[in-house]
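Biologist: I have a structure to look at and some questions about it. Could you take me through its helices and a few unusual residues?

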Amino acid sequence: MKKSHVNIPVFIPHLGCPNLCVFCNQRAISGVSSFLYETTERTITEALSTVREDTDCEIAFFGGSFTGIDRTLMTGLLNLAQSYVDSGRVSGIRMSTRPDYINEEILGILQGYTISAVELGIQSFSDNVLISCKRGHSPERSRQAMAMLREAGIPTVGQMMIGLPGSAPEDEIACAEEICRLGAAGTRIYPTIVFRDTELHRMTVCGEYQPLSLDEAVERSAAVLDVFIRNEVPCLRIGLCESENLHSEESYAAGPNHPSLGELVYGEVYYRRICAALDEHPPVPGSRLTVAVPKGDLSMAVGQKRRNKIRIEIKHRVKSVKFIEKDIFPRYNIKIHEEHP
């Protein structure tokens, strides 16, 4: 049986990052406004005390640009994390950083530790989008960073965003395809949320930026998720981690913030695949359909509040759609049986 996996997050908001992208407010995203090295060991130990010993754990330095922080602090944190790896309590170390904070010096440091993955905030491979977001680096810098990590044997997770200023659905699909082409070991998909105290909030108030609706975010995220599925690149998460700050009027301003965003997106993927199969072999109007999906995916395939079931019945003019679970592989595969009226 596959072990369950848990990240032990250590948030370092904005440390190591002099740049301020229009969408960024790490205090709001992580719920952490400052960082004290002295509390890190206690944070990790307390978190581990709540996790079963047979769980696969990684220490994850998130929230800032880890490889851009002061070298003494960075190596101190890496040494601390490595001590947990050496003790056998955790399996590795992961971190988030910017593509322009990956270079030969950084790689030389990282190769001295048990690094599970480096998560790169790529966000987009469009020049126009990166400029509009004041990202501070080019698409080529992201390509170089991924290539350098791949050559160093360090797994890379390509993080991308949906609905950034100036971004169109085709830009996002192209970004997903490029992340796959560059050999990513995984991805995270983040529909853009507008936080207060950001330039994106000012742009929204002034009408320079229009946040995505929930439906738009789900549809566009499903389109890029399908790219990753077809290329067998695992998606680690869709949307920001749920926290009280994401529902606080002091932090959240606008955008597709939903507690079950990931499930909505996975459900949309199933809806599209079922409809594609029915478009290829149209059912007889008034017939009854039984859709078999892989075990564990029933709720996603049916959709929240039976959303997919209802939409399929209306669109394809069938009397009913019944969903069942079966041992079907690979995931997202489906089998449809039709009973004529």
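Modeller: Gladly. This is a predicted model. Let us start at the end of one helix, where H12 is followed by arginine 317. The phi of arginine 317 is positive, near 55 degrees.

Biologist: Which residues of H12 are buried, and where do they lie around the helix?

Modeller: Buried means under 20% relative accessible area. In H12, that holds for Asn308, Lys309, Ile312 and Glu313. Seen down the axis of H12, these buried residues fall within an arc of 130 degrees, so they line one face of the helix.

Biologist: What covers the buried residues of H12?

Modeller: The cover includes two helices and a strand. The strand is E11, residues 320–326. The helices are H11, residues 298–302, and H10.

Biologist: How do H10 and H12 lie relative to each other, roughly parallel or roughly perpendicular?

Modeller: H10 spans residues 261–280, and H12 spans residues 307–315. Their axes are 10 Å apart, and the packing angle is about 25 degrees. Angles under 35 degrees count as roughly parallel. H10 and H12 are therefore roughly parallel.

Biologist: What is the handedness of that crossing, and which residues of H12 take part in the contact?

Modeller: The crossing of H10 and H12 is right-handed. From H10 come Gly267, Glu268, Tyr271, Ile274, Cys275, Leu278 and Asp279. They meet Arg307, Asn308, Arg311, Ile312 and Lys315 in H12.

Biologist: How do the residues of this contact divide by class?

Modeller: Take the contact of H10 with H12 from both sides. Its residues divide into 5 nonpolar, 2 polar and 5 charged.

Biologist: H10 also packs with H9. At what angle do their axes cross, and what does that make the pair?

Modeller: H9 covers residues 214–230. The axes of H9 and H10 come within 8 Å and cross at roughly 65 degrees. The range 65 to 115 counts as roughly perpendicular. H9 and H10 are therefore roughly perpendicular.

Biologist: Which classes of residue make up the contact of H9 with H10?

Modeller: The crossing of H9 and H10 is right-handed. Residues in the contact include Leu214, Val218 and Ala222 of H9, and Leu261, Leu264 and Val265 of H10. By class, the contact of H9 with H10 has 11 nonpolar, 1 polar and 6 charged residues.

Biologist: Now to H2 and H3. What is the angle between them, and how are they arranged?

Modeller: H2 runs over residues 40–48 and H3 over residues 71–86. Their axes lie 11 Å apart, at an angle of about 25 degrees. Under 35 degrees counts as roughly parallel. That makes H2 and H3 roughly parallel.

Biologist: Which residues of H3 meet H2, and what classes are found in the contact?

Modeller: H2 passes H3 in a right-handed crossing. Thr40, Glu41, Ile44, Thr45 and Leu48 in H2 meet Leu77, Leu80 and Tyr84 in H3. The contact of H2 with H3 divides into 5 nonpolar, 2 polar and 1 charged.

Biologist: Which residues of H2 are buried, and what covers them?

Modeller: The buried residues are Thr40, Ile44 and Leu48. They cover an arc of only 60 degrees around the axis, which puts them on the same side of H2. Their cover includes H3, strand E1 (5–11) and strand E2 (56–62).

Biologist: Where is lysine 305, and is it buried or exposed?

Modeller: Lysine 305 sits in the loop between H11 and H12. Its phi is positive, about 55 degrees, although it is not a glycine. Its relative accessible area is 82%. Exposed means over 50%, so lysine 305 is exposed.

Biologist: What about lysine 134?

Modeller: Lysine 134 is in the loop between H5 (127–132) and H6 (139–151). It has a positive phi of about 55 degrees and is not a glycine. With a relative accessible area of 43%, lysine 134 is partly exposed.

Biologist: Which two residues are joined by a cis peptide bond?

Modeller: Most peptide bonds are trans. Here omega is about -5 degrees. One partner, proline 330, is in the loop between E11 and strand E12 (335–339). The cis bond joins phenylalanine 329 and proline 330.

Notes: Residues are numbered from 1 along each chain as its sequence is written. This is a predicted model: local features need pLDDT of at least 70, side-chain atom pairs count only at pLDDT 80 or more; totals for chains, interfaces and linings use all residues. Side-chain values use heavy atoms; hydrogens and water are left out. Axes are lines fitted to C-alpha atoms, for helices over the stretch in contact, and angles run from 0 to 180 degrees between N-to-C directions. Helices (H or I, at least four residues) and strands (E, at least two) are DSSP runs, numbered from the N terminus. Angles under 35 degrees count as roughly parallel, over 145 as roughly antiparallel, 65 to 115 as roughly perpendicular and the rest as oblique. A crossing is left-handed if the near helix is turned anticlockwise from the far one by less than a right angle, and right-handed if clockwise. Contact means heavy atoms within 4.5 Å. Ala, Val, Leu, Ile, Met, Phe, Trp, Tyr, Cys and Pro count as nonpolar, Asp, Glu, Lys and Arg as charged, and the others, Gly among them, as polar. Buried means under 20% relative accessible area, exposed over 50%, partly exposed in between (1.4 Å probe, protein chains only). The arc is that of the directions from the helix axis to the C-beta atoms.
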